Amino acid sequence: MVPFPIVHRDDWLCAIHKPSGLLVHRTTLDRHETRFAVQMLRDLLGCHVHPVHRLDRGTSGVLLFALDRDVAGALGAQFETGIVAKRYLAVVRGHPPEEGTIDHPLARQFDDYEQSPPAGAVAGPQRALTRYRRLAVAELPCAVERYPTSRYALLEVVPETGRRHQIRRHLKHVAHPVIGDATYGKGRHNRLFARLFGSDRLLLACVELRLRHPVTGTLLAFARTARGRLRARHSCVGWDPALTGR
């Protein structure tokens, strides 16, 4: 049985749809975990694979791998220079404006295995830019904090830079944290979604990557609509499931 959907496969690249809860690679954050996307894809394809970007453990969606080191380096350069276009869907607390730009520097966060800043690392806050567009809103007749009802929104989010946890940190900065975010979110709203909808995951998904093939030069678009439980959460609050494919 295939452990996750294959979105694209050729001689140099493989893109998968990573489910929420799956780590990309081994980490000291969870020493007891035995399942990793890198290992599972390597075993499935029978060759070495190299992740060229990251998705948080709780984030689902399109995850791209290179099948050799040279291609991985070329793809990594595209991500570093902002050539790759990324699009996410997020369920957030509150009703933000119909569209907006979050231009807020973020302090660098190092990977758990980095004991010191890598050579050439930028000291201090780094420029970070995120754009969003509101797709739908909902208001539930449930009192949370001091309000008699609870408001939520479905956002299309495009990070223009690639800082660690950028979307989650930026949405917290504008007081619209992602539902299910145990680190940057609001516990009362997370618990409400868990109680009403059985939602035990981060409601954030990478639904599209656009880039230029590092070998053929072809423009590629890897897209995957929000699936399974995330799509079900949209239906629970009255949103058209078709919005997950936008």
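**Entry 1: β5 and β10.** I started with strand β5, residues 85-93, and found that it pairs with β10 in the antiparallel sense, over six bridges. I'm working from a predicted model here, by the way. Which residue of β10 does Val91 stand opposite? I looked it up, and the residue is Leu154.

**Entry 2: the other partner.** Next I checked how β9 and β10 are joined. Strand β9 covers residues 129-140 and runs antiparallel to β10, with 10 bridges between them. I picked out one bridge: Thr130 has Pro159 in β10 as its partner.

**Entry 3: is β10 covered up?** Buried or exposed: what are most residues of β10? I went through residues 150-159 and got eight buried out of 10, so the rest of the structure largely encloses this strand. Buried here means under 20% relative accessible area.

**Entry 4: a patch on the surface.** I then turned to the outside. Val2, Ile6 and Leu44 make a nonpolar surface patch of about 220 Å². I followed up on Ile6, which lies in strand β1, residues 6-9. Its relative accessible area is 34%. That value falls between the 20% and 50% cut-offs, so Ile6 counts as partly exposed.

**Entry 5: the whole chain.** Last, I zoomed out. I noted five helices and 12 strands. The chain has 246 residues, and buried ones make up 47% of them. About 12400 Å² is exposed, with 49% of that supplied by carbon and sulfur atoms. I also looked at contacts between residues at least 6 apart in sequence: 65% of these join residues at least 24 apart.

Conventions: Residues numbered from 1 in each chain as written. Predicted model: local features only at pLDDT ≥ 70, side-chain atom pairs only at ≥ 80, totals over all residues. Heavy atoms only, no water. Buried < 20%, exposed > 50% of the residue type's maximum accessible area, 1.4 Å probe, protein only. Helix = DSSP H or I, 4+ residues; strand = E, 2+ residues; numbered from the N terminus. Pairing = 2+ DSSP bridges. Patch = residues over 30% accessible without salt bridge, like charges linked within 9 Å, V, L, I, M, F, W, Y side chains within 5 Å. Areas by Shrake-Rupley, 256 points an atom, 1.4 Å probe, with all protein chains shown as cover. Salt bridge = Lys/Arg side-chain N within 4 Å of Asp/Glu carboxyl O. Contact = heavy atoms within 4.5 Å.
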